[in-house]
Amino acid sequence: MTPQEFLNNLAAASTDPEKLMVVAQYLETTAMDNATTPKWRRIAYSSEIEMALSNLAFHLEALAEIA
């Protein structure tokens with residue numbers, strides 16, 4: 001997801017749960033793609049940050065489902 005697609009999707013989302021899903025989708029796609037590059041892997045704690053991004057996306061999706 002490009003930054004422009006993210007902004008367009010966020011602007012198109014009319015409810016808070018929909019906005020949460022857009023952010024979760026961004027985390028699962030673009031953020032995770034960036035977090036798995038070799039350059040990223042050289043950063044200390046990159047695995048922990050990757051796990052935190054996945055966990056955050058999971059919880060945002062769960063919030064969107066109950067909202």
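Helix axes are lines fitted to C-alpha atoms over the stretch in contact, and the angle between two axes runs from 0 to 180 degrees between their N-to-C directions. The tour below applies this to a predicted model.

**The whole chain**

Begin with the full protein in cartoon representation. Its secondary structure consists of four helices and zero strands, and from the N terminus on the elements follow the order α-α-α-α. Along the principal axes, the C-alpha atoms occupy a box of roughly 40 × 25 × 10 Å. Of the 67 residues in the protein, 24% are buried. If contacts are restricted to residues at least 6 apart in sequence, 48% of them join residues at least 24 apart.

**Helix 1 against helix 2**

Select residues 3–12, which form helix 1, and residues 16–35, which form helix 2. The two axes come within 8 Å and cross at roughly 165°. Angles over 145 degrees count as roughly antiparallel, so helix 1 is roughly antiparallel to helix 2. The crossing of this pair is right-handed.

Now display the side chains where the two helices meet. Helix 1 contributes Phe6, Asn9 and Leu10, and these residues meet Lys19, Val22, Val23 and Tyr26 of helix 2. By class, the residues of this contact are five nonpolar, one polar and one charged.

**Helix 2 against helix 4**

Keep helix 2 in view and add helix 4, residues 46–66. These two helices pack at an angle of about 160°, and their axes are 8 Å apart. Helix 2 is therefore roughly antiparallel to helix 4. The crossing of helix 2 with helix 4 is left-handed, whereas that of helix 1 with helix 2 is right-handed.

On the helix 2 side of the contact, select Pro17, Leu20, Met21, Val23, Ala24, Leu27, Glu28, Ala31, Met32 and Ala35. They meet Glu50, Leu53, Ser54, Leu56, Ala57, Leu60, Glu61, Leu63 and Ala64 of helix 4. The contact comprises 15 nonpolar, one polar and three charged residues. Val23 deserves a second look, as it appears in the list for helix 4 and also in the list for helix 1.

**The nonpolar core**

Next, show Ala24, Leu27, Ala31, Met32, Ala35, Leu53, Ala57 and Leu60 as spheres; these eight residues are the largest nonpolar core. Helix 2 and helix 4 are the elements that give two or more residues to this core. The largest share, five residues, comes from helix 2.

Which residues does Leu27 touch, not counting those up to four places away in sequence? They are Met32, Leu53, Leu56, Ala57 and Leu60. Leu27 is found in helix 2. The cut-off for a buried residue is under 20% relative accessible area; Leu27, at 10% relative accessibility, therefore counts as buried.

Draw a distance from the C-alpha of Leu27 to that of Leu53: the two residues are 26 apart in sequence and 6.5 Å apart in space. Then centre on Leu53. With neighbours within four places in sequence left aside, Leu53 is in contact with Leu27, Ala31, Met32 and Ala35.

**Gln25**

Return to helix 2 and select Gln25, which is found in that helix. Gln25 is partly exposed, with a relative accessible area of 35%, whereas Leu27 in the same list of stops counts as buried. A line from the C-alpha of Gln25 to that of Thr36, eleven residues apart along the chain, spans 16 Å.

**The loop between helix 3 and helix 4**

Finally, locate helix 3, residues 38–41, and the loop between helix 3 and helix 4 that holds Tyr45. Arg42 lies in the loop between these helices as well.

Is Arg42 buried or exposed? At 66% relative accessibility, Arg42 counts as exposed. From Arg42 to Val23, 19 residues apart in sequence, the C-alpha to C-alpha distance is 26 Å.

Tyr45 is likewise exposed, with a relative accessible area of 61%. Inspect the backbone at Tyr45: its phi is near 65°, a positive value in a residue other than glycine. Most residues other than glycine have a negative phi.

Methods
Residues numbered from 1 in each chain as written. Predicted model: local features only at pLDDT ≥ 70, side-chain atom pairs only at ≥ 80, totals over all residues. Heavy atoms only, no water. Parallel < 35°, antiparallel > 145°, perpendicular 65-115°, else oblique. Left-handed = near helix turned anticlockwise from the far one by under 90°. Contact = heavy atoms within 4.5 Å. Nonpolar A, V, L, I, M, F, W, Y, C, P; charged D, E, K, R; others polar. Core = buried A, V, L, I, M, F, W, Y, C linked by side-chain atoms within 4.5 Å. Buried < 20%, exposed > 50% of the residue type's maximum accessible area, 1.4 Å probe, protein only.
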